[in-house]
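Have a look at the chain below before reading on. We'll start from a single residue and work outwards from there.

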Amino acid sequence: MGTVLIVDDDAQLRNSFEKLLTQEGHTVRAVPTGESGLDCVRSAPPDLVIMDVRLPGMDGLQTFQAMHELD
């Protein structure tokens, strides 16, 4: 299975996704901000990113663009 990065400021939603995907055999990393998501991508690029558009600080679209520029 693959590695999934979840970027969402809603802790309950993050935990739900993490639990579901872990049960399916995926390795999951879950973070609350775009900046921390970007750090995760820099350190160990995931196979899939699930990201909220509305995030505190760097929003989801800005984070997506920054992640895209890394690859």
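## Starting from one aspartate

Asp8 is buried, because its relative accessible area is 8% and anything under 20% counts as buried. Keep in mind that you're looking at a predicted model.

Where does Asp8 sit along the chain? You'll find Asp8 in the loop between S1 and H1. Now see who surrounds it. Setting aside neighbours within four places in sequence, Asp8 is in contact with Leu13, Arg14, Val31, Pro32, Asp52 and Leu55. The chain also brings Asp8 and Ile50 together from separate stretches: they are 42 residues apart in sequence, yet their C-alpha atoms are 8.2 Å apart in space.

## The sheet

Let's step back to the strand just mentioned. Strand S1, residues 3-7, is mostly covered, with four of its five residues buried. On one hand, S1 is joined by five bridges to strand S2 (residues 27-31), and the two run parallel. Two bridge partners in S2 are worth finding on your screen: Val28 is the partner of Val4, and Val31 is the partner of Val7. On the other hand, four bridges join S1 to strand S3 (residues 48-51), again running parallel. Here Ile50 in S3 is the bridge partner of Ile6.

So what order do the strands take in the sheet? It's an open sheet of three strands in the order S2-S1-S3, with parallel pairing. S2 and S3 are the edge strands, since each one pairs on one side only. Ignoring direction, neighbouring strands of this sheet are turned by 15 degrees against each other on average.

Two helices pack on this sheet. H1 touches S1, S2 and S3, and its direction makes about 175 degrees with that of S2. Helix H3 (residues 60-70) touches S1 and S3, and its direction makes about 160 degrees with that of S3.

## A closer look at H1

How does the chain get from S1 to S2? S1 is a strand whose residues are mostly buried. From there the chain crosses through helix H1 (residues 11-23) to S2, and this β-α-β crossover is right-handed.

You can check the length of H1 yourself. Its 13 residues, at 1.5 Å each, should span 18 Å, and the end C-alpha atoms are indeed 18 Å apart, so the two values agree. At the N-terminal end, Asp10 acts as a cap: one of its side-chain oxygens lies 3.0 Å from the backbone nitrogen of Gln12. Just after H1, Gly25 takes a positive phi of about 100 degrees.

Within H1, pick out Leu21. Is Leu21 buried or exposed? With a relative accessible area of 16%, Leu21 is buried. Apart from neighbours within four places in sequence, its contacts are Val4, Ile6, His26, Val28 and Ile50. You've met some of these already: Val4 and Val28 are bridge partners, and so are Ile6 and Ile50.

## The other helices

Helix H2 (residues 34-43) has several buried residues, namely Gly34, Ser36, Gly37, Leu38, Cys40 and Val41. What covers them? The cover includes S1, S2 and H3.

H3 is also where you'll find Thr63. Thr63 counts as buried because its relative accessibility is 0%. Leaving out neighbours within four places in sequence, Thr63 is in contact with Gly34, Met51, Leu55 and Met58. Gly34 is one of the buried residues of H2, and Leu55 is among the contacts of Asp8 too.

## Pairs along the chain and in space

Here are three pairs, each with its separation along the chain and between C-alpha atoms.

| Pair | Apart in sequence | C-alpha to C-alpha |
|---|---|---|
| Asp8 and Ile50 | 42 residues | 8.2 Å |
| Thr63 and Val7 | 56 residues | 9.7 Å |
| Leu21 and Pro32 | eleven residues | 17 Å |

Try finding each pair in the structure. Val7 belongs to the pairing with S2, through its bridge partner Val31, while Pro32 is one of the residues in contact with Asp8, the aspartate in the loop between S1 and H1.

Definitions and conventions. Residues numbered from 1 in each chain as written. Predicted model: local features only at pLDDT ≥ 70, side-chain atom pairs only at ≥ 80, totals over all residues. Heavy atoms only, no water. Buried < 20%, exposed > 50% of the residue type's maximum accessible area, 1.4 Å probe, protein only. Pairing = 2+ DSSP bridges. Right-handed = clockwise from strand over helix to strand, strands pointing away. Expected span 1.5 Å × (residues − 1). Polar contact = N/O pair within 3.5 Å; in protein donor to acceptor, adjacent residues only side chain to side chain. Axes fitted to C-alpha atoms, helices over the stretch in contact; angles between N-to-C directions. Contact = heavy atoms within 4.5 Å.
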